Amino acid sequence: MAKKKQFVTAAAAFAVAASAVAPAITADAASTTVRLSSDYVRVGDLDATLDKEYKGSEIYWYKSSVDMNKLGVFQTAKGFVKGQGIRVEKRVRVLNYAQEIKPESEFVFEQGVPVSGIRVQPVLFADGNEYAKPVSVAGFNTDKVGEFEGTLTYANRAYGVVTKTVKYKVVATEVEISNVSSSVDQAAEVLSVNADVKNLKDGEKVELVVYANRDMNAPLPAVQAEVKDGKLTVKSAKLPAGNHSFILRSGEVKTDAVNFTVEAPEVKEVKAINAKEIVIKFNKAIDKDGIIEATGANAGTLVDNKLVINSLDGSAVTANSAIATLSADKMELTIKASGAEKFSGRYDIKLAKGDVKTAAGQDIAAYSETIKVEDTVAPSIVGTEQLTASTVKVKFSEPIADLGAVTFKTASGATVSGTGNGVTGAAAFVAGSKEVVFTLGSDVAANSVVTATFVGAKDYAGLLLSPNPTSVSLTKGAADGTKPTVSEITPVSPVKFAVKFSELVSGLAAGDFTITAETGAATVSSIEQDETDKTKYYVTLSGPIQGLTTIALANQAVTDMTGEQSEAVSRIVTFAQDTVAPKVDSAVVVRGTDNKEYLEVTFSEEVTKESGLVNLAVSGSKTADFVTSTLTGYNVAASNLVPVSGSKTKFRIELAQLLTGVDTENASYNLTITGKDASASNIALVEDVVNLDSSASFQAQFTRSKDGTVASTNQATINKDEDNDGTVTTSENGIVVSGNNTVTVMFNGELDGASAVNVNNYKIDGAIVEKVVLNPATGTAPNVKQTVTLTLKDGSNSYTGARYVTVSGVKAKNGLAMDEYKTTESFNENVRPVITSAKLVGLNKVVVTFSEGLAADVATSTNDFELLIGGQKVSSNDSVTTPVVSADAKSLELTLEDDVTAANVQSGLTLKVLDTIDLEDLAGNIVSGGQVTITK
């Protein structure tokens, strides 16, 4: 295509003197050729330039004698006069002209959108260039979708007329949503949806709408999807368990509803993975503390009576002594038979509902299944882990009952002893473990490899390690030359200190320390590694100490990860004397995972319950139904006050136990709780680690709710008994209209707030619900009532009369949506009268005209209007008197406080409607506020 450039007019060509183109018909006397007068070829029309006849005879021209693309020079057109034997010639000069309209791209329009953007098109001229030129269009219509033809025409008096027929497409303007796919993350209880989206314009959005319980009248709040390059992705909020549906929508475009299920918390699978381990898979993350003992001698075992494992073939396993571990995602519980016990044969596995709870406190459904344990898969080595330069962990696929014989050889084939300074660890292996740690001693050179060979190792089903024998390489690295050192030793409490190392070490042992304090020697009872700083350890002592204390770490007590051993360390630190007795920091009501309410008492430091504590004496007051009464003192067994699992500062007691005999739902309590010993004398509740006692009493103020019960299955329903007299009359329908803009909807039962205040759940034909307010519930179960107040938008109801009222989508507190309710109710129109004009008809008289007739008013008033002069209130002339109003009056003559002057009129008079106006129309709508200019 020729290069486009700015069009240059051919006006210069037209400027040639007329004498140069005047016809000059001559004949050569010596020939039969006639030369006609010269001319220009304009608008590309050669025929129009060439003469049609010569002396009454028709001329035939040879068109090929003129090159129409040869511009700016004279050419000779040749022809002959038919029947005369005369040749003719004519000199012509071709001026630039339009040849073809050449659209640059396919025309695509949206259905229903007027055609635009095509009225300027490239036009090819005889000079080989394209120029952007305005064109006229015909035959273009966007009413229907499809492929059609239209015409483009370029017309210019100087450059000619060219027309081109072009094809164009009309495409649907609606958003297209296709290839919808979805998945549910059962653990997170979230729906994910993907789809393809076409025709999405700027500002348009696609939303995911979920219908809980497949109730198409009760959509959950929509979630806006992300659409990028025509691909949609969106995730819902967390959803309740149940059978639901969803759609994708964009404006009026909606996909078909797709059903999906969010599973209730349940056991998905139980299977034995070997003779030692059973795995229970859940579909939700579970609460670890509810199934695995966190503290005490049984820490790490199954909580008693939470899981039933009954052998049907006599191969019993003690369930409450089994070792239990939870996966990182808390969805797989592995139960490992303790000691020499193993699983073999058939077992009934049972869980009662609620014995296991989700991390969110939901009950796992009851489960019962019989499984058969039949281990036929041989154990194998699945890998090694280099723990330090000289220690290597070998990992097995399952618990090993017998490690068999393990031998060690160097790369040269020399045998390395399994004791002493050789390779140790086999003798320390504990049956039932899935790993063994080997230490490569001084007999093994640094940067060398030892081959360990296992012969006869077997699992709890008696299956030998496969293959048998099996060999694995153990590598001894080189020390890094830097010994680990103690960075700091810091007292934490009278019974605990922290020790931090310069680098990661392989571990600490109680016997590594020698501790001497002013109060005497101390021994270590436990050591814990810091959860975040792995170079720090917390050392707990068997008893409290104080004063200057020497803490010594034995020589070579710890080893870094390359095998370098520490040197002996001795530090003197000061343990301050603890003289502060523990106190109660807070006493608040919490709801446990068992859905019961507890009074949780938090103390200021680590404490234990006083050994002599027998009872808790309870006294104080209770306020119920606005009546406060004094409680008669009573005792509650101190055994009901139990430590909170995983905490050393918190204790709990069930409110049902604490409030025995005085337990009232929704009552407020102000209690004093006092510790008592066996002789009923006051005694401290707890003592700290240095045996300092707390006070005997503490205060607790709280409001009692109730312990969890089975969720109600009742739907929300309309309470038609409007006057609550126990009888529903034919005129009662649960809809009460107050005034012209207020409607009360009455419900049975307590409502879900989010659905109750959703304006989309209420429809009044011919009016607009602008605001919804949920009022407090009244009554007690099972006769709880609750109401919703609707406010109609001013001016949205133009006519008085009966209207359909539809209520749908409102849910009960338990989440169950109501069935759609439809009834009729009479409404007054709520269009407020407005002032259409105010005219000054006398020096102190103003006639006001309203948009409609007013209701009768038999009293005069000065509280309806106020006069403003020049936009300001003038106290000497601001009072306006409204006369007695007759029914249906549309005009009133108001009386001003004083005559107005010409200057007042010049500065401008305004009538202001006061907030205290009580003029109303026949339907009771108060005149609309504002200001109106007074004219003459």
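Let me start with a group of five residues, Phe107, Phe109, Phe140, Phe148 and Tyr168, which together form one aromatic cluster. Please keep in mind throughout that what we are looking at is a predicted model. When the whole structure is searched, 23 aromatic pairs are found, and I would like to take you through two of them.

A pair of aromatic rings is described by the distance between the centres and by the angle between the planes. For Phe109 and Phe140, the centres are 6.1 Å apart and the planes stand at 85 degrees, an edge-to-face pair. Where in the chain do Phe109 and Phe140 lie? Phe109 belongs to strand β8, residues 107–110, while Phe140 is in the loop between β11 and β12, so that the pair, at 31 residues apart, links distant parts of the chain. Are these two rings buried or exposed? Phe109 has a relative accessibility of 9% and Phe140 a relative accessible area of 15%, and because buried means under 20%, both count as buried.

The second pair is Phe396 with Phe454, whose ring centres are 5.8 Å apart and whose planes meet at 85 degrees, so this pair is edge-to-face. Here, too, distant parts of the chain are linked, since Phe396 is in strand β31 and Phe454 in strand β37, 58 residues apart. Phe396 is buried at 3% relative accessible area, and Phe454, at 0% relative accessibility, is also counted as buried.

Finally, a word about charges and rings. The charged end of Arg91 sits over the ring of Phe74, at 4.8 Å from the ring centre, and the charged end of Arg652 sits over the ring of Tyr598, at 5.5 Å from the centre.

How values were computed. Residues are numbered from 1 along each chain as its sequence is written. This is a predicted model: local features need pLDDT of at least 70, side-chain atom pairs count only at pLDDT 80 or more; totals for chains, interfaces and linings use all residues. Side-chain values use heavy atoms; hydrogens and water are left out. Rings of Phe, Tyr and Trp (its six-membered ring) pair if their centres lie within 6.5 Å; planes under 30 degrees apart count as stacked, over 60 as edge-to-face and the rest as tilted. Helices (H or I, at least four residues) and strands (E, at least two) are DSSP runs, numbered from the N terminus. Buried means under 20% relative accessible area, exposed over 50%, partly exposed in between (1.4 Å probe, protein chains only). A charge sits over a ring if NZ of Lys or CZ of Arg is within 6 Å of the ring centre and within 35 degrees of the ring normal.
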